[in-house]
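Reader: Please give me a close look at one part of this model, the surroundings of the ligand, and then set that part in the context of the chain.

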Amino acid sequence: MRHEASARLFEAAKTVIPGGVNSPVRAFSSVGIEPVFYDRAKGSRVWDVDGNEYIDFVASWGPMILGHAPDAVLDAVREQLERGTSFGAPTEIEVRMAEAVARTVPSIEEVRMVSSGTEATMSAIRLARGYTGRDAFIKFEGNYHGHSDALLVAAGSGLATLGIPSTPGVTEGAARDTIVLPYNDLDAVADVLEQRGEEVAAIIVEPVAGNMGVVLPRDGFLQGLRALCDTYGVVLIFDEVITGFRVALGGAQERFGVTPDLTTLGKIIGGGFPVGAFGGKREIMERLAPVGPVYQAGTLSGNPIAMVAGLALIEELSKPGVYDELERKGARLEAGLRSAVETAGIEAHLTRVGAMACMFFTAETVVDWTTAATADTGRYASYFRAMFDRGIMLAPSQFEATFVGMAHTDEDIDAMTSAAAEALSA
Ligand code: KE4
């Protein structure tokens, strides 16, 4: 494969965009090659500016569950474009979208649209603090909830001590009220709440972790969080920016039968356009301005183009049989990868929930960040490059997800797992 055009664009990009990218992971830093620049995409395929074609398993980090540029979304967007692209005023489509989300996601009685997952989680934390009058909140190591200050926090030393900034620019004050605990460790949560329960406004969790690779909740973990939140009056927030409309139509809360107090959404609900959302119990949501005192706002919140795109995608996903088919495709992918690992005779730990999966290059069973971090990232980088050279586009990081979607044919999936068998045996 030739990558001259991408190389030229990357050089130009680096003179005007930090690192040449608008989001760090796109720079391919951890996989040892320069990034390719995309030209177009359709269905399961993406093409770079040098004309190279790839079967895509990144899916724009999750949104492209129907495949790229699905006709249903394109048709809806084309029609709306002629009617105007942004008003900063209420529209019918926003109501229809809110109705669709409320009808689909078990925890959501009311929902507020925003323009990114970061905005959704930042706002949900503020709302939980405003609702409870408490300042502290619990997150889990290895969970990523976007880049707002209070969420860019590493675990402090000791169990219940305060968080420490995980990046320059986040102040100690902003990190002070964030408590970071090990994922899947219910005892740690119980201990903190026993000590400080009356100070804790919320627990925010990825119900299936997708940002340390894919890590499943232990049996009883989500149910345990629900019970602890009920006991201590803590707001349970499921960050379903990845899992929403991915692992079930109603997200992980439907799949695992645990209903949070608030849910954050993003990615899929925008149909490829910038959308985030947070929603939940009316009693909590009604604390939001303009009806309540907790301020939150956004110029492009509920943007009509993004709304028609998101609604068209949700309507397609709501058709009978979609999640059975996603499960079938996910299972085919997993079976093929397990066979590839066995053929290669290597040690790897595979995880999957529905149409999101991960191959960790470790012999450990991955249950949290500590075990995820045992993965050999150098080995992942060479696997990524070998797959890339075979026309398979994976996430350029060990700590992301492999996404399969409705546009992937059995042939696409078999091509991927055959390439993996070669790449792992090389
Ligand atoms: P955005 O602000 O990137 O729309 O969403 C933040 C976010 C919140 N919650 C979860 C569970 C998320 O996974 C994300 C963003 N995910 C990453 C990839 N895993 C986005 C990719 C990127 O940063 O470029």
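Author: What follows begins at the ligand and then moves outward to the fold and to some individual positions.

The model is predicted, so local features are described only at pLDDT of at least 70 and side-chain atom pairs only at pLDDT 80 or more, while totals for chains, interfaces and linings use all residues. Numbering starts from 1 along each chain as its sequence is written, and side-chain values use heavy atoms, with hydrogens and water left out.

The ligand is surrounded by 16 residues, a residue being included if one of its heavy atoms lies within 4 Å. The closest of these residues are Ser 23, Thr 118, Asn 211, Asp 239 and Glu 400. By residue class the shell comprises 5 nonpolar, 7 polar and 4 charged residues, where Asp, Glu, Lys and Arg count as charged, Ala, Val, Leu, Ile, Met, Phe, Trp, Tyr, Cys and Pro as nonpolar, and the others, Gly among them, as polar. Two domains contribute to this shell, with at least three residues coming from each of domain 1 (4-69 + 320-425) and domain 2 (71-317); the bounds come from an automatic or database domain assignment.

Polar contacts to the ligand (pairs of N or O atoms within 3.5 Å) involve both side chains and backbone. Thr 118 has an N or O atom in its side chain that is 2.7 Å from an oxygen atom of the ligand. Asp 239 also contributes through its side chain, where a polar atom lies 2.7 Å from a nitrogen atom of the ligand. At Tyr 144, by contrast, a polar backbone atom is involved, and the distance to a nitrogen atom of the ligand is 3.4 Å. Taken alone, the ligand would expose 530 Å², and the protein buries 85% of that area, as computed by the Shrake-Rupley method with a 1.4 Å probe.

The fold that carries this site has 14 helices and 16 strands, counted as DSSP runs (helices H or I of at least four residues, strands E of at least two, numbered from the N terminus). The C-alpha atoms occupy a box of roughly 55 × 55 × 50 Å along the principal axes. The radius of gyration is 21 Å, in agreement with the value near 22 Å that a compact globule of 426 residues would have; this radius is taken over C-alpha atoms, and the globule rule is 2.2 Å times the number of residues to the power 0.38. Of the 426 residues, 55% are buried, which means under 20% relative accessible area, with exposed being over 50% and partly exposed in between.

Strand β10 spans residues 235-239 and includes Leu 236, which is buried because its relative accessible area is 0%. The C-alpha atom of Leu 236 is 8.6 Å from that of Thr 259, which lies 23 residues away along the chain. Leu 193, in helix α6 (residues 186-196), is likewise buried, with a relative accessible area of 1%. Its C-alpha atom is separated by 21 Å from that of Ile 284, at a distance of 91 residues along the chain. Leu 9, in helix α1 (residues 4-16), is partly exposed at 38% relative accessible area, and its C-alpha atom is 8.7 Å from that of Gly 20, 11 residues apart in sequence.

Several loops deserve a separate look. The loop between β3 (53-56) and α2 (71-81) contains Ala 59, a residue other than glycine whose phi is nevertheless positive, near 55 degrees; Ala 59 counts as buried because its relative accessibility is 4%. His 68 belongs to the loop between β3 and α2 too, and is buried, with a relative accessible area of 12%. From His 68 to Ala 155, 87 residues apart in sequence, the C-alpha distance is 37 Å.

Lys 267, in the loop between β11 (262-265) and β12 (276-280), also has a positive phi near 55 degrees, but counts as partly exposed because its relative accessibility is 27%. Finally, Pro 290 is located in the loop between α9 (282-285) and α10 (304-317), and the peptide bond that joins Ala 289 to Pro 290 is cis, with omega at about 5 degrees.

Notes. A polar contact is a pair of N or O atoms within 3.5 Å; within protein, one must be able to donate a hydrogen and the other to accept it, and residues adjacent in sequence count only if both atoms are side-chain atoms. Buried means under 20% relative accessible area, exposed over 50%, partly exposed in between (1.4 Å probe, protein chains only).
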